[in-house]
Amino acid sequence: MRVITSTSAMVALMATNTHCFQVSPWGLSSKSTSTSALRQSSSYDEQLKKYYQGGLQEPVLVATPPPVGQAQQPPPPIPVQQTPPPVPVYQAPPPPPPVSVTTPQIVKNENDLKIPNAGILFLGLPLWLLVTVQVFFGGNNSPATTATQMPLPAQMARSAPSAATPAGVVVLSQPITKAEVRKLFDLWNDALQTLDPAIVAKRYAKDGVLLPTLSDVPRNDAEGIKDYFVGFLKKKPVGKILEGEIFVGNNWAQDAGIYEFTFEDGSKVKARYSFVYALEDGKWMISHHHSSLMPQEVVRPTPVTEDQVRGFFGLWNDALATGDPQKVADRYSRDAVLLPTLSDSARYTNAQIADYFVGFLKKKPTGEILEGNVKIGPNWAQDAGIYEFTFENGSKTRGRYSFVYTFENGEWKISNHHSSIMPEPAVRAMKATGAM
């Protein structure tokens, strides 16, 4: 409060000094007695007090012109002091007693107040800003204590460290070109040439999925993938991509299109493929492999004639002549069924079919179709009738046959073979045995 009072006194004094004197070409004069009294005061507060008690009379400044006809004399030169005056020592004025200041009633012309008010505002505003900064911002630079600190809201307070683990590990992207993606198929194709299902299965990722061409069962683990290639590799396939599109992502890539396999017997088959490769432990592995038959080729029947269907029996008869049960069994399709002539056991697998012909081939049979009927459907054909076998010892036997052929992996195979003895001779023989 004391600082503010002193500042007000100083502002008032400066405004008074500014408006009590007038500089003119002829000199400086003033008729105000209040100003002289203010200058003789010992402090700013006393000067302000005397100024207020003087009634706030506006001093009238009169300029004294020079005598008429007398030339204006230049002012005398200012004497130069040889020794600098002593530096004044500032002495703080004694604290003034409380003064009750009465706000003066200024009765002035409105035009006379514009200049004094503007001067006070012009000179007092910087001082008021300086005092405000010192009082409110420059008084204490000591660090804030607990009592002066402003508490933060609960949602802004720093939380304690938790035991949560990161959700994942950031892995840098491994660059790969489209040409390098296409070579990943070559690595898989090279694994096929080893004819080892375990080596082919190693080309798949830990969680790799295989949707194979010729199996309805999805393969979701290494054992399932290996099991599929046990049968597929028996044909000794060699793959080749005919067309495809490659997309490269961040540590994964996709190659989808059409490929073709050529088998040991020279047959070929086309299929659609989708490979999704993923970077796993620094290596590019097959994460997803989907292979499917060409839908239009499956629907569109392969043309075949009745003579060609009858010729399929000739291929089977030639396999009998080799004396090798496995070669005969290879003439049957993957899911073929054999109901043999001289065995009550139905044969559903390739191994069971081969087992039947072990005994049958010991007689060195040669077959011949005596009569039959051929029927052709879309990618399947039927030949049913009567055939006769001649054995090494010259004996002969007749039987009824039914062959159902299917087009599988580019070639015609026996899907169903039902053979039975002629019933009438069998019935006569049974009656004769019963009579005996």
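Helices (H or I, at least four residues) and strands (E, at least two) are DSSP runs, numbered from the N terminus. This report applies these terms to a predicted model, in which local features need pLDDT of at least 70, side-chain atom pairs count only at pLDDT 80 or more, and totals for chains, interfaces and linings use all residues. Residues are numbered from 1 along each chain as its sequence is written, and side-chain values use heavy atoms, with hydrogens and water left out.

**Serine 291**

Strand β7, which spans residues 283-293, contains S291. Buried means under 20% relative accessible area, exposed over 50%, and partly exposed in between, with a 1.4 Å probe and protein chains only. S291 counts as buried because its relative accessibility is 3%. The side chains of S291 and Y259 are joined by a polar contact of 2.5 Å. A polar contact is a pair of N or O atoms within 3.5 Å; within protein, one must be able to donate a hydrogen and the other to accept it, and residues adjacent in sequence count only if both atoms are side-chain atoms. When its neighbours within four places in sequence are left aside, S291 is in contact (heavy atoms within 4.5 Å) with L211, P212, T213, Y259, A271 and R272.

**The sheet**

An open sheet of 5 strands has the order β8-β12-β11-β10-β9, with mixed pairing. Its edge strands, β8 (332-339) and β9 (366-377), each pair on one side only. From one strand to the next, the twist averages 20°. Two strands pair if DSSP finds at least two bridges between them. Strands of a sheet pair through backbone hydrogen bonds, either parallel or antiparallel.

The table lists three of the pairings, each with one bridge.

| Strands | Sense | Bridges | One bridge pair |
|---|---|---|---|
| β10 and β11 | antiparallel | 11 bridges | I386 and R400 |
| β8 and β12 | parallel | 4 bridges | L339 and H418 |
| β11 and β12 | antiparallel | 10 bridges | T406 and K413 |

β11 and β12 also form a hairpin with 2 residues between them, and N409 in the turn has a positive phi of about 55°.

**Helices on the sheet**

Axes are lines fitted to C-alpha atoms, for helices over the stretch in contact, and angles run from 0 to 180 degrees between N-to-C directions. Helix α9 (residues 306-322) packs on the sheet and touches β8, β9, β10, β11 and β12 (411-421). The direction of α9 makes about 145° with that of β9. Helix α11 (residues 350-360) also packs on the sheet, where it touches β8 and β10. The direction of α11 makes about 50° with that of β8.
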